[in-house]
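Here are my notes for you, set out as numbered points. Keep the structure open beside you and look up each residue as it comes up.

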Amino acid sequence: MPEAEVAEADVRGLGSVQLALMSGVMIQWLTDPDRAPDAAEIAAGLRALAGRLEGA
């Protein structure tokens, strides 16, 4: 989705989640790069989380 299409009400929340994901993965990679998740694992985890949140 182009940045211009993101609703102003969602900008802070989306940015906060992205920052938390990036810093968390970076810490995992720095502390144990052999066991840090790859892009496919992160995407699968996000899909699983989103699926559980849809019914909330």
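1. Start with the nonpolar surface patch, keeping in mind that this is a predicted model. Five names to find are Val17, Leu21, Leu46, Leu49 and Leu53, which together make a patch of about 430 Å². Which helix gives the most to it? That is H2, with 3 residues. Both H1 and H2 supply at least two residues each, so please look at the two helices together here.

2. Now pick out two members of that patch. Val17 lies in helix H1, and its relative accessibility of 49% makes it partly exposed, because a residue has to be over 50% to count as exposed. Leu53 lies in helix H2, and at 53% relative accessibility Leu53 does count as exposed. These two values sit on either side of the 50% cut-off, so the labels deserve to be read along with the numbers. For a sense of distance, try Val17 and Glu3: they are 14 residues apart along the chain, and their C-alpha atoms are separated by 15 Å.

3. Next, step back to the whole chain. How many helices and strands does the chain have? The secondary structure comes to 2 helices and 0 strands. The radius of gyration is 14 Å, well over the 10 Å that the globule rule gives for 56 residues, so the chain is more spread out than a compact globule. Taken along the principal axes, the C-alpha atoms fill a box of roughly 35 × 25 × 20 Å.

4. Surface comes next. Of the 56 residues, 2% count as buried, and for that label a residue must be under 20% relative accessible area. The accessible surface of the chain is about 5,000 Å², and carbon and sulfur atoms account for 61% of that.

5. Let us walk along H1 and H2 with one residue from each. Gln18 is in helix H1, which covers residues 8-31. Is Gln18 buried or exposed? Its relative accessibility is 52%, so Gln18 counts as exposed. From Gln18 to Pro37 there are 19 residues along the chain, and the C-alpha atoms are separated by 16 Å. In helix H2, covering residues 39-53, you will find Ala44. With 36% relative accessibility, Ala44 counts as partly exposed. Ala44 and Glu54 are 10 residues apart in sequence, with 16 Å between them in space, C-alpha to C-alpha.

6. Between the helices, have a look at Arg35, which lies in the loop between H1 and H2. Arg35 counts as exposed because its relative accessibility is 70%. Compare its position with that of Ser16: the two are 19 residues apart in sequence and 25 Å apart in space, C-alpha to C-alpha.

7. Stay with Arg35 for the charges. Side chains of opposite charge can pair when their charged atoms come close. Which residue forms a salt bridge with Arg35? The partner is Asp32, and the closest N and O atoms are 3.9 Å apart. The cut-off for a salt bridge is within 4 Å, so this pair counts. Asp32 has a relative accessible area of 29%, so Asp32 is partly exposed, whereas Arg35 is exposed at 70%. A search of the whole structure finds 1 salt bridge.

8. Finally, consider how the charges are spread. The chain has 4 positive and 9 negative charges, and the mean positions of these two groups are 8 Å apart. As a last exercise, go back to Arg35 and Asp32 and find their salt bridge on your own screen.

Terms used
Residues are numbered from 1 along each chain as its sequence is written. This is a predicted model: local features need pLDDT of at least 70, side-chain atom pairs count only at pLDDT 80 or more; totals for chains, interfaces and linings use all residues. Side-chain values use heavy atoms; hydrogens and water are left out. Helices (H or I, at least four residues) and strands (E, at least two) are DSSP runs, numbered from the N terminus. Buried means under 20% relative accessible area, exposed over 50%, partly exposed in between (1.4 Å probe, protein chains only). Patches are made of residues with over 30% relative accessible area and no salt bridge: like charges are joined within 9 Å, nonpolar side chains (Val, Leu, Ile, Met, Phe, Trp, Tyr) within 5 Å. Accessible areas come from the Shrake-Rupley method with a 1.4 Å probe; for residues, only the protein chains shown count as cover. A salt bridge is a side-chain nitrogen of Lys or Arg within 4 Å of a carboxyl oxygen of Asp or Glu. The radius of gyration is taken over C-alpha atoms; the globule rule is 2.2 Å times the number of residues to the power 0.38. Lys and Arg count as positive and Asp and Glu as negative; His and the chain ends are not counted. The place of a charge is taken as NZ of Lys, CZ of Arg, CG of Asp or CD of Glu.
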